[in-house]
Amino acid sequence: MKATSKKEELRFGVDSGAALTVIRPDVATDYPVVNKRKRVLRAADGHTIPDLGNKEITLKDGKGHRIVRTAVAGVSKNLLSVSQLVDA
């Protein structure tokens, strides 16, 4: 699945164990960061990652477009939560 905006195409690693879809802070920059709350995310290996807020980005898949709420955090790659997509 790809995120589409006026400026870029994003790639995601698909993670069936992730609770949230998470993107790096340097991507989807034309989408505003909202809900800048001070929570901490936990990686699969147990280390903590500061949450920098949320973005609602538009994803394009084979069926059209959908809006997905993402967490913004200092991760090394964008992760797409399978459970979040199924629940949407």
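Which pattern does the protein chain follow when read along the sequence? Colour the predicted model by secondary structure and trace the chain from its start: the pattern is β-β-β-β-β-β-β-β-α. That comes to 8 strands and 1 helix.

**The whole chain**

Select the protein chain and show its surface. About 5600 Å² is exposed, and carbon and sulfur atoms supply 52% of that area. Of the 88 residues, 36% are buried. Next, display contacts within the chain. Among those with a separation of 6 or more, 54% are between residues 24 or more positions apart.

**The largest nonpolar core**

Hide the surface and select L10, F12, I23, V27, A28, Y31, I57, L59, V68, V72, L80 and L85. These 12 residues form the largest nonpolar core. Now highlight β6 (48-61) and β7 (64-73), since each of these strands supplies at least two residues of this core.

**A second core**

Move on to A43, A71, A73 and V75. They are among the 7 residues of another core, which lies apart from the largest one.

**The largest pocket**

Bring the surface back and go to the largest pocket, which holds about 320 Å³ of space. To find its centre, select V22, R42, A43, A44 and L79, the closest to that point among the 15 lining residues. What kinds of residues make up the lining of the largest pocket? The lining divides into 11 nonpolar, 3 charged and 1 polar.

End the tour at A43, which links two of these stops: A43 belongs to the core of 7 residues, and A43 is also one of the residues closest to the centre of the largest pocket.

How values were computed
Residues are numbered from 1 along each chain as its sequence is written. This is a predicted model: local features need pLDDT of at least 70, side-chain atom pairs count only at pLDDT 80 or more; totals for chains, interfaces and linings use all residues. Side-chain values use heavy atoms; hydrogens and water are left out. On a 1 Å grid over the protein atoms alone, a cavity is a set of points where a 1.4 Å probe fits but cannot get out, and a pocket is an open set with protein on both sides within 12 Å along at least five of seven lines; lining residues have an atom within 4 Å of a point. Grid points are joined across faces, edges and corners, and a volume is the space filled by probe spheres set on the points. Ala, Val, Leu, Ile, Met, Phe, Trp, Tyr, Cys and Pro count as nonpolar, Asp, Glu, Lys and Arg as charged, and the others, Gly among them, as polar. Helices (H or I, at least four residues) and strands (E, at least two) are DSSP runs, numbered from the N terminus. Buried means under 20% relative accessible area, exposed over 50%, partly exposed in between (1.4 Å probe, protein chains only). Contact means heavy atoms within 4.5 Å. Accessible areas come from the Shrake-Rupley method with a 1.4 Å probe; for residues, only the protein chains shown count as cover. A nonpolar core is a set of buried Ala, Val, Leu, Ile, Met, Phe, Trp, Tyr and Cys residues joined through side-chain atoms within 4.5 Å.
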